[in-house]
Amino acid sequence: MDSFTENRSKPGETLQSLRSADGKIEGEEILGSPYCRLQSTDDGKEVLAINFREAVAMNKSDADDEQIFTFYKTGESAYASEHTAALYFRCRMSTPAKEVLIHADLERFRKVEASDIRLSRANILVLNAAAQEVASKLGCSSPELASEAPSPVSGLHA
């Protein structure tokens, strides 16, 4: 079993960037803020990255994406593969008073010995849990995130 460090994670910065979302994506905002970065303590290589950012539009399933990704029931839109996951949810904040569309993404950098379907489901489960934590810390009302493992609804492994 590997040991991990998360010294490149910036959850406070991520939450602040989402609180100050202004409906525009400019410059480096497109990359998102590093909510969680896991690196191996053995070699320092990145294992997993989770970013959050404001979104102005969301990706929904289409015929091409359905051949690559599995779409899940959580938030406004969510999909995953064995290497990545993405989730969009609406956050109605009271402080400051506004609604923001949030895009969360997960990227897995290391090959893991598991089936593609198992990795896809694990990726969306981890990302949904991170989104629930962010929604809670931001005080989002009704983000429509699954309270348990998100169910597959269409696509590659549905």
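Which residues have the most contacts inside the largest nonpolar core? The close-up views below come from a predicted model, in which local features need pLDDT of at least 70 and side-chain atom pairs count only at pLDDT 80 or more, while totals for chains, interfaces and linings use all residues. Residues are numbered from 1 along each chain as its sequence is written, and side-chain values use heavy atoms, with hydrogens and water left out.

**Figure 1. The largest nonpolar core has 30 residues.**
Ile50, Phe52, Leu87, Phe89, Ile102, Val134 and Leu138 are the residues with the most contacts inside this core. A nonpolar core is a set of buried Ala, Val, Leu, Ile, Met, Phe, Trp, Tyr and Cys residues joined through side-chain atoms within 4.5 Å. Buried means under 20% relative accessible area, exposed means over 50%, and partly exposed lies in between, with a 1.4 Å probe and protein chains only. At least two residues of the core come from each of helix H1 (11-19), strand S2 (33-40), strand S3 (46-54), strand S5 (77-80), S6, strand S7 (97-108) and H3. Helices (H or I, at least four residues) and strands (E, at least two) are DSSP runs, numbered from the N terminus. H3 gives the most to this core, namely seven residues. A second, separate core has seven residues, including Ala55, Phe71, Ala86 and Tyr88.

**Figure 2. Ile50 is shown with its partners from elsewhere in the sequence.**
Contact means heavy atoms within 4.5 Å. With its neighbours within four places in sequence left aside, Ile50 is in contact with Ser33, Pro34, Tyr35, Cys36, Arg37, Asp105, Leu106, Val126, Leu127 and Ala130. One of these partners, Cys36, counts as buried because its relative accessibility is 15%.

**Figure 3. One disulfide is found in a search of the whole structure.**
A disulfide is a pair of cysteine sulfur atoms within 2.5 Å. The sulfur atoms of Cys91 and Cys140 are 1.9 Å apart and form this bond. The torsion about the S-S bond of Cys91 and Cys140 is about -90°, so the disulfide is left-handed. Cys91 belongs to strand S6 (residues 84-94), whereas Cys140 belongs to the loop between helix H3 (116-138) and strand S8 (151-155), so the pair ties together parts that are 49 residues apart in sequence. Both Cys91 and Cys140 are buried. Cys36 is in no disulfide, and the nearest cysteine sulfur, that of Cys140, is 18 Å away.

**Figure 4. Helix H3 contains buried residues and is followed by a glycine with positive phi.**
The expected span of a helix is 1.5 Å times one less than its number of residues. For the 23 residues of H3, at 1.5 Å a residue, the expected span is 33 Å, and the end C-alpha atoms are 33 Å apart, which agrees. The buried residues of H3 are Leu119, Ser120, Asn123, Ile124, Leu127, Asn128, Ala130, Ala131, Val134, Ala135 and Leu138. Just after H3, Gly139 has a positive phi of about 75°.

**Figure 5. Helix H1 packs its buried residues against other elements.**
Thr14, Leu15 and Leu18 are the buried residues of H1. Seen down the axis of H1, these residues fall within an arc of 95°, so they line one face of the helix. The arc is that of the directions from the helix axis to the C-beta atoms. An α-helix has 3.6 residues a turn, so residues three or four places apart point the same way. S2, S3, S6, S7 and H3 are the elements against which the buried residues of H1 pack.

**Figure 6. Ser154 is joined to Glu66 by a polar contact.**
Ser154 lies in strand S8. The polar contact between the side chains of Ser154 and Glu66 is 2.9 Å. A polar contact is a pair of N or O atoms within 3.5 Å; within protein, one must be able to donate a hydrogen and the other to accept it, and residues adjacent in sequence count only if both atoms are side-chain atoms. Not counting residues up to four places away in sequence, Ser154 touches Ser61, Glu66, Phe69, Thr70 and Phe71.

**Figure 7. Backbone features in loops include a cis peptide bond and positive phi values.**
Most residues other than glycine have a negative phi, and most peptide bonds are trans. Thr95 and Pro96 are joined by a cis peptide bond with omega about -5°, and Pro96 is placed in the loop between S6 and S7. In the loop between H3 and S8, Ser142 has a positive phi near 50°. Ser142 is partly exposed, with a relative accessible area of 47%. Glu144, in the loop between H3 and S8, has a positive phi near 60°. Glu144 is exposed, with a relative accessible area of 54%.
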